[in-house]
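Let's take a look at how charged side chains pair up in this protein. Have the model open beside you as you read.

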Amino acid sequence: MGVSALKWQGWLVGLVTIAGLLVFAPLGLYVWASGGDQPQAPPRAAVRDVRVTGCRVDPASRRVAAAVEATGRAEGVGAYVVTVEFRDRAEADPGRRAAQALVRIPGVAPGATEYGEAVGPVWPVATVPWCGVAGAEFTQATPTPGLP
């Protein structure tokens with residue numbers, strides 16, 4: 001007793017359908033759960049809130065140091081993490097990666113200016129350093145329950 005070709009085609013269609021559901025159902029659930037495209041105002045770039053105010057070589061350690069200031073946002077108190085870049089000239093050399101350092105400036109209130117210092121690598125003698133902001137991130141502080 002043989003199995004008809006029509007019966008095998010039915011099984012094949014069923015298996016392909018189940019395989020398609022296993023592949024595409026999680027993707028559909030992910031898109032549905034993400035809520036789709038909801039229009040939101042783009043966040044202001046944190047790089048606009050920070051700047052390097054000084055760049056010097058420490059005479060004792062020969063390390064380059066950059067003075068950084070951050071001005072608080074209207075959204076509330078928060079912290080900035082600033083990536084400072086150290087180069088031997090203002091123009092970036094596409095073939096070389098510049099040295100970088102991070103500085104965290106916590107507790108910046110709206111409208112207030114707070115300061116930090118990024119310490120870079122040991123700097124070569126007779127070379128003037130250039131320090132600049134390569135990137136910045138702002139994280140709004142979460143309020144503590146029970147405190148104003």
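Glu117 is partly exposed, because its relative accessibility of 42% falls between the 20% and 50% cut-offs. Keep in mind that you're looking at a predicted model. Glu117 has a partner, Arg56, and the two form a salt bridge whose closest N and O atoms are 3.2 Å apart. Along the chain, Glu117 and Arg56 are 61 residues apart: Glu117 sits in strand 5 (residues 113–122) and Arg56 in strand 1. Arg56 counts as partly exposed too, at 41% relative accessibility.

Why can such pairs form at all? Side chains of opposite charge can pair when their charged atoms come close.

Now for another pair. Glu69 and Arg51 meet through their side chains in a salt bridge, 2.8 Å from N to O. This one also links distant parts of the chain, with Glu69 in strand 2 (residues 63–71) and Arg51 in strand 1 (residues 50–57), 18 residues apart. Is Glu69 buried or exposed? Glu69 counts as buried, because its 12% relative accessibility is under 20%. Arg51, at 48%, counts as partly exposed.

Here are three of the pairs side by side:

| Salt bridge | N to O distance |
|---|---|
| Glu69 and Arg51 | 2.8 Å |
| Glu117 and Arg56 | 3.2 Å |
| Arg89 and Asp93 | 3.7 Å |

In the last row, Arg89 is partly exposed at 38% relative accessibility, and Asp93 is partly exposed at 30%. Elsewhere, Asp49, Arg73 and Glu75 are joined into one network by salt bridges that share partners. How many salt bridges does a search of the whole structure find? The search turns up eight.

Methods:
Residues are numbered from 1 along each chain as its sequence is written. This is a predicted model: local features need pLDDT of at least 70, side-chain atom pairs count only at pLDDT 80 or more; totals for chains, interfaces and linings use all residues. Side-chain values use heavy atoms; hydrogens and water are left out. A salt bridge is a side-chain nitrogen of Lys or Arg within 4 Å of a carboxyl oxygen of Asp or Glu. Helices (H or I, at least four residues) and strands (E, at least two) are DSSP runs, numbered from the N terminus. Buried means under 20% relative accessible area, exposed over 50%, partly exposed in between (1.4 Å probe, protein chains only).
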